[in-house]
Amino acid sequence: MIGLYGGTFDPVHNGHIHAALQVQQALSLRQIRLVLAARPGHRQPPRADVEHRWQMLRLAVAEHAVLAADDSEVKRRGHSYTIDTLQEFNARQPGDVPVWIIGQDAFATLDSWHRWRELMDCCNLAVVDRPGDARAEPPSVQQMWRTHGVRRLEHGKIGQIVRLSLPMQQVSATEIRRKVACGEPFEHLLAGPVCTYIRRHGLYTTRCRTAEETVI
Ligand code: ATP
């Protein structure tokens with residue numbers, strides 16, 4: 001099985017890389033492809049341009065043999081919808097069951113995703129904890145869990161959801177953007193080459209003013 005891990009990666013941080021490596025080991029996945037949500041349709045536009053986020057993602061995965069950066073949503077026009085990415089993947093690699101990796105905070109919003117009910121026809125879902133950001137799951141998502149939830153993924157099958165109890169790091173891109181803007185240390189939260197890239201291109205430097213004027 002192959003893992004697909006989607007995100008705006010604005011910027012990609014140690015929490016993402018740690019989660020990907022943990023899941024890869026726990027599920028013995030051949031590879032995990034980090035799919036850049038270039039133009040997300042269901043949330044605020046990212047702060048950094050697609051090109052910057054893509055370069056940072058490439059830098060972050062470079063030192064991990066089992067990780068790869070995936071540009072399928074960068075190349076596609078229009079909004080980046082996970083359902084399109086999964087259908088494209090399945091058409092390209094029939095028989096290779098994708099496991100879509102998702103944090104619990106994002107899983108709790110699944111019912112706002114484009115054609116969300118069709119997702120289970122295209123992949124398995126692996127839900128990881130999001131320390132510091134646990135969210136209540138709405139009834140529709142709870143129902144999906146009751147229908148598709150399993151204790152272990154069965155190989156060769158599609159439409160399963162597994163919750164993985166793995167240690168995760170409490171890091172968020174929002175917090176990193178705030179730290180950069182406020183001049184606080186952030187280097188310990190990101191891969192070295194990503195820090196260098198952020199500094200070289202002056203990303204996320206817009207300063208915070210008041211809570212109401214948050215510019216993260
Ligand atoms: P932002 O703060 O801008 O919302 P983020 O840190 O949540 O960003 P995203 O790119 O939005 O990062 O997240 C991509 C995916 O990674 C989502 O499924 C999210 O739940 C998950 N994720 C993000 N950070 C972590 C973490 N520290 N541990 C586990 N999963 C994470």
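A polar contact is a pair of N or O atoms within 3.5 Å. Keep that cut-off at hand for this tour of a predicted model.

**Stop 1: the ligand and its contacts**

Start by selecting the ligand and Thr8. A backbone N or O atom of Thr8 lies 3.1 Å from an oxygen atom of the ligand, within the 3.5 Å of a polar contact. Next, pick Gln169: one of its polar backbone atoms is 2.7 Å from a nitrogen atom of the ligand. Then add Thr174, where a polar side-chain atom comes to 2.4 Å from an oxygen atom of the ligand. How much of the ligand does the protein bury? On its own the ligand exposes 600 Å², and the protein buries 92% of that.

**Stop 2: the shell around the ligand**

Now widen your selection to the 24 residues around the ligand. Those that come nearest are His13, Asp105, Gln169, Ala173 and Thr174. Colour the shell by class and you should find nine nonpolar, ten polar and five charged residues.

**Stop 3: the largest pocket**

Switch on a surface view and look for where the ligand sits: it is in the largest pocket. To see which elements surround the ligand, highlight β1 (2-7), α1 (14-26), β4 (98-103), α5 (104-107) and α7 (173-182), which each give two or more residues to its shell.

Hide the ligand for a moment and consider the space itself. The largest pocket holds about 1200 Å³. It is lined by 49 residues, and Thr8, Arg43, Asp105, Ala106 and Arg130 are the closest to its centre.

Which elements supply at least two residues each to this lining? They are β1, α1, α4 (82-92), β4, α5 and α7. Select β4 by itself to see the element that gives the most, with four residues. Coloured by class, the lining of the largest pocket divides into 22 nonpolar, 17 polar and ten charged residues.

**Stop 4: the second largest pocket**

For the last stop, move to the second largest pocket, with about 240 Å³ of space. To find its centre, select Ala26, Leu27, Arg152, Leu153 and Leu164, the closest to that point among the 13 lining residues. Which strand gives the most to this lining? Highlight β7 (residues 161-164), which contributes three residues. By class, the lining of the second largest pocket has seven nonpolar, three polar and three charged residues.

Key:
Residues numbered from 1 in each chain as written. Predicted model: local features only at pLDDT ≥ 70, side-chain atom pairs only at ≥ 80, totals over all residues. Heavy atoms only, no water. Near = heavy atom within 4 Å. Polar contact = N/O pair within 3.5 Å; in protein donor to acceptor, adjacent residues only side chain to side chain. Areas by Shrake-Rupley, 256 points an atom, 1.4 Å probe, with all protein chains shown as cover. 1 Å grid on protein atoms, 1.4 Å probe; cavity = no way out; pocket = protein on both sides within 12 Å on 5 of 7 lines; lining within 4 Å. Sits in = over half its atoms within 2 Å of the grid points. Nonpolar A, V, L, I, M, F, W, Y, C, P; charged D, E, K, R; others polar. Points joined across faces, edges and corners; volume = space filled by probe spheres on them.
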